[in-house]
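The exercises below ask you to work through a protein and its bound ligand by reading the structure step by step. Have the sequence and the 3D view open, and try each task before turning to its solution.

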Amino acid sequence: MQFQKTPGWLDWYANPSKPGFTLPPGSVDAHCHVFGPGDSFPYAAERRYTPCDASKRQLFALRDHLGFARNVIVQATCHGADNRAMVDACIGAKGNARGVAAVRRGVGDRELEDLHTAGVRGVRFNFVRRLVDFTPRDELMEIAGRIKRLGWHVVVYFEAQDLPELWDFFTALPTIVVVDHMGRPDVRKPVDGPEFELFVKLMREHDNVWSKLSCPERLSISGPRALDGERNAYRDVVPFARRIAETFPDRVLWGTDWPHPNLKDHMPDDGLLVDFIPHIAMTAELQRKLLVDNPMRLYWPEEVCGLARSAP
Ligand code: 0GY
């Protein structure tokens, strides 16, 4: 099937630079997507945007170029609850990818088991209004109860101003809860102001809540160019991500967000994004936790001897 990309949507960066920062061995890109290709895996009828194709082969090439060992492939809204493209990529990665799916109420036990076999270890609940319609909370809670039995977790995507309203729902979830992109803080506001404090409080009071320190390119107002050079990009996001990395070092993850859906102003060079990491996780120990230990504990616990049962 032919799909026309949403006008104004930028293509992903074709020739990313080699990062200056060397990733620790075994690093996991814990937030990325595959899109289609649309002629094999059609985009969902209810989608709010039509992306450009971004295949598993292209994702694996980026993984190798940047120096990652593994991926966590997150279902994007343009595929709705049709997880076939993500599942195909997980299977194609031969054990080096896990998946996060989108499922609806009424999903069969057999389907959940098949997803698990393919490598899925979580479901994503999306609350970003420009991306999805409202789903009743009781439906999501029912799904959370079912996937808990498989040892999966819930990934949530929302914007900072909606956290007060979502607080009761998030804190009632029975699984590990992984927040995408630090709950999308408004980085023009102070890092110790009430809005970001609420997110820190969520993590402080609920040790089942984790955060991805991803997407500086989405959150930044200052953008990819810093006064002291390009490889010091997205400076205004640094205090937010660094605060979370240093306060909750055992509950943070990092991902490229390739192929960067819905960006219209600039498309990040993925090599530059990797160079953002040492600005937010400033020691080798923090880097190893962020990129290796934490994602391995969450997505490949069977490979982490003795740690499998200690995930909060
Ligand atoms: C992201 C961000 C976005 C899109 C999606 O599922 C999606 O469509 O997550 C966005 O537009 O902010 O994490 O990929």
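Helices and strands are here DSSP runs, numbered from the N terminus, with at least four residues for a helix and at least two for a strand. The model is a predicted one.

**Exercise 1.** Locate Thr77 with respect to the numbered strands and helices, and decide whether Thr77 is buried or exposed.

*Solution.* Step one is to place the residue: Thr77 lies in the loop that runs between strand 2 (70-74) and helix 2 (84-92). Step two is to apply the cut-off, under which a residue is buried when its relative accessible area is under 20%; the value for Thr77 is 14%, and Thr77 therefore counts as buried. Step three is to look for a partner remote in sequence: Arg48 is 29 residues away from Thr77 along the chain, while their C-alpha atoms are 7.7 Å apart in space.

**Exercise 2.** Describe the surroundings of the ligand, beginning with the residues that come nearest and ending with the character of the shell.

*Solution.* Begin with the neighbours: 16 residues are around the ligand, and those that come nearest are His33, Tyr49, Thr77, Tyr157 and His181. Next, search for N or O atoms in side chains that approach oxygen atoms of the ligand. In the side chain of Arg130 such an atom is 2.8 Å from a ligand oxygen, in the side chain of His31 the distance is 2.9 Å, and in the side chain of Asp257 it is 2.9 Å. The protein covers 100% of the 350 Å² of accessible area that the ligand has on its own. The space that the ligand takes is the largest cavity. Finally, sort the shell by residue type, which gives 5 nonpolar, 6 polar and 5 charged residues.

**Exercise 3.** For His31, state the element that holds the residue, its burial, and the side chain with which it makes a polar contact.

*Solution.* The element is strand 1, which spans residues 28-32. With a relative accessibility of 0%, His31 falls under the cut-off and so counts as buried. The side chain of His31 is joined to that of His33 by a polar contact of 3.5 Å, and the side chain of His31 also has an N or O atom 2.9 Å from an oxygen atom of the ligand.

**Exercise 4.** Compare the places of Val156 and Leu219, and for each of them give the C-alpha distance to one residue elsewhere in the chain.

*Solution.* Val156 belongs to strand 5 (residues 153-157), whereas Leu219 belongs to helix 7 (residues 216-219). Val156 counts as buried because its relative accessibility is 0%, and Leu219 counts as buried because its value is 5%. For the distances, take Val156 with Asn126, which are 30 residues apart along the chain and whose C-alpha atoms are separated by 5.8 Å. Then take Leu219 with Pro301, which are 82 residues apart in sequence and 31 Å apart in space, C-alpha to C-alpha.

**Exercise 5.** Which residues are joined by a cis peptide bond with omega of about 0 degrees, and where do the prolines of these bonds lie?

*Solution.* The background is that most peptide bonds are trans, and that most residues other than glycine have a negative phi. One cis bond joins Gly36 and Pro37, with omega at about 0 degrees, and Pro37 is placed in the loop between strand 1 and helix 1 (56-66). Another joins Trp258 and Pro259, again with omega at about 0 degrees, and Pro259 is placed in the loop between strand 8 (252-253) and helix 9 (270-274). This loop between strand 8 and helix 9 also holds Thr256, which counts as buried because its relative accessibility is 0%. A polar atom in the side chain of Thr256 lies 3.1 Å from the backbone nitrogen of Trp258.

**Exercise 6.** Examine Cys215 and Asn262 for the sign of phi, their place and their burial.

*Solution.* For the sign, Cys215 has a positive phi near 70 degrees although it is a residue other than glycine, and Asn262, likewise not a glycine, has a positive phi of about 65 degrees. For the place, Cys215 is in the loop between strand 7 (209-212) and helix 7, while Asn262 is in the loop between strand 8 and helix 9. For burial, the relative accessible area of Cys215 is 1%, and Cys215 is therefore buried; Asn262 has a relative accessibility of 17%, so Asn262 counts as buried.

Definitions and conventions
Residues numbered from 1 in each chain as written. Predicted model: local features only at pLDDT ≥ 70, side-chain atom pairs only at ≥ 80, totals over all residues. Heavy atoms only, no water. Near = heavy atom within 4 Å. Polar contact = N/O pair within 3.5 Å; in protein donor to acceptor, adjacent residues only side chain to side chain. Areas by Shrake-Rupley, 256 points an atom, 1.4 Å probe, with all protein chains shown as cover. 1 Å grid on protein atoms, 1.4 Å probe; cavity = no way out; pocket = protein on both sides within 12 Å on 5 of 7 lines; lining within 4 Å. Sits in = over half its atoms within 2 Å of the grid points. Nonpolar A, V, L, I, M, F, W, Y, C, P; charged D, E, K, R; others polar. Buried < 20%, exposed > 50% of the residue type's maximum accessible area, 1.4 Å probe, protein only.
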